[in-house]
Amino acid sequence: MYSLTTAEPLTPPDISAVNLPGVLISIGVGVATWLVASFVIAGITKRVAAGTTFFKKPHFRWVAPALRALDHQRREQRANTIGSLLNSVVSVLVVVITVMYVLQNLNVNIAPLLTSVGILGVAIGFGAQQLIRDFLAGIFITIEDQYGIGDIIETSEVVGTVESMGLRITRVRAEDGTVWYLRNGEILRVGNRSQGSYVAPDSGLADDAGSSTQQQAGE
């Protein structure tokens, strides 16, 4: 007769398939890759911020338009921003790839995990389209040096001085003292009065022209 109190013996999990040396090697390679990439990015950022002439050689003329902003007095700020962005991207890639290799060496089936991550990424992408658009616009504004802190810019919304700028938001103080927060993805057209040869309209001439027009109309 079968007894309900009889339990089948528990078998310990099979850990023979776990590749412990592979786990340690994966972690070590990931850490080493991250350290090397961070060192390279830091070195390039420091050289660019100091005004390196490496990219001014004749065979690097094809990158001159993208790096023209680095010759500006704000090249240090631009270089640090771009270096921070590259560090973040490299860190995420190294962590993701290292975790995948570690799980594979631990005999974990990562196919369902990758499917779940893919579905979650698609959902986040649909929900954060505007955020991604703002970040991409901020990256190109930074690389192209469209404007910087202290510049007087003119957009379709406001005319004022740039007080701070990030990859998502640009803060501008208008002429009347109002502080505007502009999303980079919504700035479709911008004029920089500090970079060009902007000449303010002469209000006196404008008043004289207006008064003369009124006198002619009265006559």
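How many residues lie between β1 and β2 in the hairpin that they form? The legends below take up this point and the surroundings of β1 in a predicted model.

**Figure 1. Overall make-up of the predicted protein model.** The protein contains six helices and five strands, which follow one another along the sequence in the pattern α-α-α-α-α-β-β-β-β-β-α. Of its 219 residues, 22% are buried, and the accessible surface comes to about 15700 Å², with 65% of that surface belonging to carbon and sulfur atoms. Among the contacts with a separation of 6 or more, 59% are made by residues that are 24 or more positions apart.

**Figure 2. The open sheet of five strands.** The strands are arranged in the order β4-β3-β2-β1-β5, and their pairing is antiparallel. Because β4 (179-183) and β5 (190-192) stand at the edges and have a single partner strand each, one side of each of these two strands is left without a neighbour in the sheet. Direction ignored, neighbouring strands of this sheet are turned against each other by 40 degrees on average.

**Figure 3. The hairpin of β1 and β2.** Three residues lie between β1 and β2 in this hairpin, which answers the opening question. The two strands run antiparallel and are joined by three bridges, with β2 covering residues 159-165. One residue to look for in this view is I153, whose bridge partner in β2 is G160.

**Figure 4. The pairing of β1 with the edge strand β5.** Strand β1, which comprises residues 152-155, runs antiparallel to β5 and is joined to it by three bridges. On this side of β1, the bridge partner of I153 is N192, while T155 stands opposite V190. I153 therefore has a bridge partner in each of the strands beside β1, given that β1 lies between β2 and β5 in the strand order, with G160 as its partner in β2 and N192 as its partner in β5.

**Figure 5. Alternation of side chains along β1.** Which residues of β1 point to the face where the side chains are buried? They are I153 and T155, whereas I152 and E154 point to the other face and are not buried. The two buried residues also appear in the pairing with β5, where I153 is matched with N192 and T155 with V190.

How values were computed:
Residues numbered from 1 in each chain as written. Predicted model: local features only at pLDDT ≥ 70, side-chain atom pairs only at ≥ 80, totals over all residues. Heavy atoms only, no water. Pairing = 2+ DSSP bridges. Helix = DSSP H or I, 4+ residues; strand = E, 2+ residues; numbered from the N terminus. Axes fitted to C-alpha atoms, helices over the stretch in contact; angles between N-to-C directions. Buried < 20%, exposed > 50% of the residue type's maximum accessible area, 1.4 Å probe, protein only. Contact = heavy atoms within 4.5 Å. Areas by Shrake-Rupley, 256 points an atom, 1.4 Å probe, with all protein chains shown as cover.
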